[in-house]
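Trainee: I would like to take a close look at one part of this structure, the long helix in the middle and the helices that pack against it. Could you walk me through that part slowly?

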Amino acid sequence: MLARLRSTEPVHDAAYFRRALKIPRPGPEYLMAEKASREASANLRSLTERRESLKVERTVENPGKNRIPDATYRAMHADLEAQLTAAQVTEREALAEWNSRKAAYHDHVRATLAADIDGLGALICNHLDQVMELLDIAAALGTGAREYRVEMPGLVSGAPAAKQLLQAAIDSTITKMISKGRRP
């Protein structure tokens with residue numbers, strides 16, 4: 001069952017994986033692209049809000065404030081529309097650059113950690129196999145004890161149930177978890 005997930009590479013210990021499995025920090029280009037994308041989106045939102053405010057100001061009657069003259073309104077609206085068009089292009093380009101950098105970074109992270117993640121999966125499988133073997137030993141001892149009506153501690157008497165529960169968890173969750181994301 002778990003043997004097919006085992007790696008043929010040497011198995012490291014938990015301390016090795018604790019040190020090795022760290023997400024690498026993104027580079028300055030990634031951070032700059034992220035910042036540029038956020039700033040472009042914020043600028044576009046700001047311009048959109050200004051355009052909506054201008055429309056509201058133009059249509060709402062406010063006795064304490066003079067109404068914007070038609071020519072001034074059209075000029076301001078045209079200027080905002082031009083700025084919005086430029087901001088949309090900038091945002092689209094910044095988002096495309098950010099998505100490109102993000103995809104490259106994610107690929108780099110996956111490639112950098114792939115071997116160690118596979119090793120971690122192999123170590124987990126190895127330990128699960130050891131636990132299953134130990135539960136088999138305890139279950140066999142419990143079977144012998146029941147035959148001779150000897151009462152055993154919970155570790156022995158509960159081993160068959162624990163093995164069954166662990167086997168269900170291994171089959172339904174752990175095996176899928178370890179093999180998830182493996183790409184041929």
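Mentor: What follows goes along that part step by step, from one packing partner to the other.

Please keep in mind throughout that this is a predicted model. The part you ask about is helix 3, which covers residues 70-147, and we can begin with its packing against helix 2, which covers residues 28-59. Helix 2 and helix 3 pack with their axes 8 Å apart, at an angle of about 155 degrees. Angles over 145 degrees count as roughly antiparallel, and helix 2 and helix 3 are therefore roughly antiparallel to each other. The crossing in which helix 2 passes helix 3 is left-handed, and the residues of this contact divide into 16 nonpolar, eight polar and twelve charged.

One residue on the helix 2 side deserves attention, namely Ser 37, which has its place in helix 2. Ser 37 counts as buried because its relative accessibility is 7%, and buried means under 20%. If its neighbours within four places in sequence are left aside, Ser 37 is in contact with Ala 94, Leu 95 and Trp 98. By contrast with this buried serine, Glu 93, which is found in helix 3, is exposed, with a relative accessible area of 53%.

The aromatic rings give a second view of these two helices. A pair of aromatic rings is described by the distance of the centres and the angle of the planes. A search of the whole structure finds three aromatic pairs, and one of them is formed by Tyr 30 and Tyr 105, whose rings are tilted, at 4.8 Å centre to centre and with 50 degrees between the planes. This pair links distant parts of the chain, since Tyr 30 lies in helix 2 and Tyr 105 in helix 3, 75 residues apart. Tyr 30 and Tyr 105 are both buried, and ring pairs link Tyr 30, Trp 98 and Tyr 105 into a cluster. Trp 98 thus appears twice in this account, as a member of that cluster and as a contact of Ser 37.

We now turn to the other packing partner, helix 5, which covers residues 159-179. The axes of helix 3 and helix 5 come within 10 Å and cross at roughly 165 degrees, and that makes helix 3 roughly antiparallel to helix 5. Here, too, the crossing is left-handed. The contact is made by residues of helix 3 including Gly 121, Ile 124, Leu 128 and Leu 135, and by residues of helix 5 including Ala 162, Leu 166, Ile 170 and Ile 174. The residues of this contact divide into 15 nonpolar, two polar and two charged.

Between helix 3 and helix 4, which covers 154-157, there is a loop, and Arg 149 is found in it. Most residues other than glycine have a negative phi. Arg 149, although it is not a glycine, has a positive phi of about 55 degrees. Arg 149 counts as exposed, at 79% relative accessibility. In helix 4 we find Leu 155, which is exposed as well, with a relative accessible area of 68%.

Two distances help to place these regions relative to each other. The C-alpha atoms of Glu 93 and Ala 162 are separated by 56 Å, the two residues being 69 apart along the chain. The C-alpha atoms of Leu 155 and Ser 37, 118 residues apart along the chain, are separated by 58 Å.

Methods
Residues are numbered from 1 along each chain as its sequence is written. This is a predicted model: local features need pLDDT of at least 70, side-chain atom pairs count only at pLDDT 80 or more; totals for chains, interfaces and linings use all residues. Side-chain values use heavy atoms; hydrogens and water are left out. Axes are lines fitted to C-alpha atoms, for helices over the stretch in contact, and angles run from 0 to 180 degrees between N-to-C directions. Helices (H or I, at least four residues) and strands (E, at least two) are DSSP runs, numbered from the N terminus. Angles under 35 degrees count as roughly parallel, over 145 as roughly antiparallel, 65 to 115 as roughly perpendicular and the rest as oblique. A crossing is left-handed if the near helix is turned anticlockwise from the far one by less than a right angle, and right-handed if clockwise. Contact means heavy atoms within 4.5 Å. Ala, Val, Leu, Ile, Met, Phe, Trp, Tyr, Cys and Pro count as nonpolar, Asp, Glu, Lys and Arg as charged, and the others, Gly among them, as polar. Buried means under 20% relative accessible area, exposed over 50%, partly exposed in between (1.4 Å probe, protein chains only). Rings of Phe, Tyr and Trp (its six-membered ring) pair if their centres lie within 6.5 Å; planes under 30 degrees apart count as stacked, over 60 as edge-to-face and the rest as tilted.
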